[in-house]
Amino acid sequence: MSSPPLVALAGVEMRFPGVVALDGVDLAVRAGEVHALVGENGAGKSTLIRILTGVHPLDAGAILLDGAPVRFADPRAALAAGVAAIHQELTCIPEMSVAANLLLGREPRRLLGIDRTASHARARAALARVGLDLPVERPLGTFSPAVQQLVAIARALDLEARVLVLDEPTASLDRREADLVLRCVRDVAARGLAALFVGHRLDEIFAVADRITVLKNGRRVGTFDRATTTRLALVEAMLGRVPDARATARADRTPAGPNVLSARGIAGDGLDAPFDLDVAAGEVLGLAGLLGSGRSELLRLLAGVARRTSGDLRVGGAPLPAGDVRAAVDLGLVLSPEERKSDGIFPNLSVRENVAIACERRFRTASKARQRALAAEMIHRLAIGCADPERRAGTLSGGNQQKTLLGRWLAARPKALLLDEPTRGVDVGARAEIQATVAELARDGMATVYVSSSIEELLLTSDRVLALHGRRVVSELAGEELAEAAILRAIASAEDSAT
Amino acid sequence: MKSRALPAALSLALLLAVAAVFVPHFLEFDVHGGRLHGALADILQRGAPLALLALGLTPVIATGGVDLSVGSVMALASSCAAVAVARGESGAAAAAGIALGVGLAAGLANGLLVTRASIQPIVATLVLLTAGRGLAVLVSGGGILAFESEGLEELGRGAFAGFPSAGLLALAITIATAALVRGTTLGLHIEAIGDNERAARLSGLRVDRVRLAAYAFSGLCAGAAGLLVAADVGAADASHVGLYQELDAILAVVIGGTSLAGGRTSLAGSWCGALAIQALSTIFLFLGLGTPIALCVKAAAVLAAVAGAKLWTRRAEATA
């Protein structure tokens, strides 16, 4: 395996306002290799793919194809150079035939229109390269998602792609279908293509990849050979090492009070296995797990955003009806969602309105003075970096938007706080401030459920940690067990037992 | 934020100022029958139905929707009211109740299609755009249905302190609605839903109820507009009342500073926008120019408004 890389990224940097998305990342994919790219949300995977496929121009660094630097003005240029992208969502046209989808825009022509015989023959030949034999005149939408994904790969091959960039190609597939796609990726690579495979299911990564590169916070943590690495090592690389000075910020915790949040046999969208959960006043319960493990889904179930199919949920002793976000807010159970931009912030409304809105959810007379007082209180308390509460929230930095969101909920004086990655995409200073606020709230009796993909952060903030895997709660760690190694083992061993 | 209505108000003022200078006799007025007559009074009077449509449409658009059915609902409401009066079964008050009731029912139907059946607003309200006019023709039996009612005539052509009462009524309703929306948390709810519906749900807002109310209010306003038109003319013309008025109303709302993408909104701006559109028509009438030219100028106004909105959002994004 000493062949020179077919495609390589050297010192790639990418900056967005206020965020360094990629910071000097190197990556090399050889011909005949499946190279997996893993990392949590915000690690920089998507940005890297967009750079490689010509969607984003890069700020610094270089793309090397066959050792020579190239620049892609747009995805068409990348495709012309032989770099093809296969996306997570199926990008075919379901009503059109398999052949038409395969040859879209490149149909063999004759005097009048498309030469059907020729295009069917060519489509069949292209499909054969991925081991498919289909009636190519049938609409693509009538085939399974896995077949549609294979057709996308066949199309890339027919376009003479030499580098396949697969962005979570199995995300919408079940296990058996995913196996089909994985096998195809291996076969295609074996014929001399370079495949970059982005995914987050570790069993899939181990099944398909020759080498695995781990990204974290826009940096490359390391590249591992599948043959010599372990799941534990990968998980550790993805979720990060705790510095030696172990965080003991939680040691001074007063014992927890009565149960605020109490769930019995809860199941629903995204979490099939019923689970129990208790959070006491003054307690911070951490949720650990890889991306896709069900940690966000658990919060969404509790908050009533996702459909709950069974189980009983009580907030401060009062039963909460299923799927009623407003009832949850009324009872004092609130969710700060992971997707700050799409689910949290009102970008065109002012900071004042963003903070006050949960308090103003009822129909009543509006008082700007009241709203301004709330906003001023939260700006001061959470150190939101905005001098003018009338500023549009969309113009704030990520950290300040997150604080604004936190302020919205604190203003509503909840009993239980569900925080989904409250420090994602937030700079170091704001991260520490948000964590300190969570600790302070706990001292005042708040019950908190804290989701983070950083083990370090969970250890810093949590009294207890639930580990999730495969959309179920697999273990609980508290007290002496609460250490980085134990959490990693809980997540990783669950990975092993699931395969 | 207070300045959102400002561009529309300035456009209206500018339009009137230009007309005052270049259009002969534009500012002249006389008084007979206890009422002012002249171009300005005419704009206030004839612009009233459009102003009502735009008023109703504003919360709908601000919550990220649209109501294409307002013109047809206007026709349906005016036909129902006219039939009731023509048969001699009801007085002016009952006829008004019927028109408003019909509008409210139509608005509720739109709202339920959008919120309960989760149909896209443009499709959901297209149903009543077509069906509403068909029903209106059916109800009135086709053709023009004339009626006599002193009460309605007073509403349509009467005057209050010398000013045309229909115009004053539309203005008063606009002011009252603005006071309700701005004086309560409703305004914040409407803008929040338009800006980010998912976040609004998570914040505990009754998203569906607010949107349903917006469509119901739009229907109610369309009913009121239909009533005014019927009262003004003393007849209902099911095939022509409100025809293409939904487009003018949308235009008025956009000129008024409400974004078609939802979010920030201004009821006063919509009123100014509606009057500006009416002022254009009246000016062309004064100049003796035909409808084709008026339509072309209106199209130019649409382009200018859309380009302005684009610039506005681009500038907003640039500062983000």
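Helix 2 of chain B is where I'll start: B:Ala39, B:Leu40, B:Asp42, B:Ile43, B:Leu44, B:Gln45 and B:Arg46 are buried there. The helix covers residues 39-46, and with seven of its eight residues buried it is mostly covered. Note that the list includes B:Asp42 and B:Arg46. What sits over those buried residues? The cover includes strand 1 (29-32), strand 2 (35-38) and strand 5 (163-164) of chain B. It also includes three helices of chain B, namely helix 3 (48-62), helix 8 (165-183) and helix 13 (267-287).

Before going on, keep in mind that this is a predicted model. The predictor assigns the complex an ipTM of 0.88 and a pTM of 0.76. For chain B the average pLDDT is 89, and 94% of the residues score at least 70.

Staying with chain B as a whole, there are 14 helices and six strands. Its radius of gyration is 19 Å, close to the 20 Å from the globule rule for 320 residues, so chain B is as compact as a globular protein of that length. Along the principal axes, the C-alpha atoms of chain B fill a box of roughly 55 × 50 × 35 Å. Of the 320 residues in chain B, 54% are buried. Taking contacts in chain B between residues at least 6 apart in sequence, 79% join residues at least 24 apart.

Now chain A. Here the secondary structure comes to 17 helices and 20 strands. The radius of gyration of chain A is 25 Å, close to the 23 Å that the globule rule gives for 499 residues, so this chain is as compact as a globular protein of that length. The box for the C-alpha atoms of chain A is roughly 75 × 50 × 45 Å along the principal axes. Buried residues account for 50% of the 499 residues in chain A. Among chain A contacts between residues at least 6 apart in sequence, 68% link residues at least 24 apart.

One sheet in chain A is worth describing. It is an open sheet of four strands, ordered 12-11-14-15, with antiparallel pairing. Which strands lie at the edges? They are strand 12 (271-280) and strand 15 (318-319) of chain A, each pairing on one side only. Strand 11 (residues 259-268) of chain A is joined to strand 12 of chain A by six bridges, and the two run antiparallel. Within strand 12 of chain A, the residue opposite A:Leu261 is A:Val279.

Next, a single residue, A:Ile487, which is found in helix 17 (residues 484-498) of chain A. Is A:Ile487 buried or exposed? It has 25 C-beta neighbours inside 10 Å, and therefore counts as buried. Setting aside neighbours within four places in sequence, A:Ile487 is in contact with A:Ala288, A:Ile455, A:Leu458, A:Val465, A:Ala467 and A:Leu477. Of these, A:Val465 is 22 residues from A:Ile487 in sequence and 8.1 Å from it in space, C-alpha to C-alpha.

Last, the place where the two chains meet. How many residues are in contact there? On chain A there are 27, which are in contact with 22 residues of chain B. Helix 10 (325-331) and helix 11 (340-344) of chain A each supply at least two residues of the side that touches chain B. By class, that side of chain A has 13 nonpolar, six polar and eight charged residues.

Definitions and conventions. Residues numbered from 1 in each chain as written. Chains lettered and ligands numbered in written order. Predicted model: local features only at pLDDT ≥ 70, side-chain atom pairs only at ≥ 80, totals over all residues. Rg over C-alpha atoms; globule rule 2.2 N^0.38 Å. Buried ≥ 20, exposed ≤ 12 C-beta atoms within 10 Å, placed from the backbone. Contact = placed C-beta atoms within 7 Å. Pairing = 2+ DSSP bridges. Nonpolar A, V, L, I, M, F, W, Y, C, P; charged D, E, K, R; others polar. pLDDT = per-residue confidence, 0-100.
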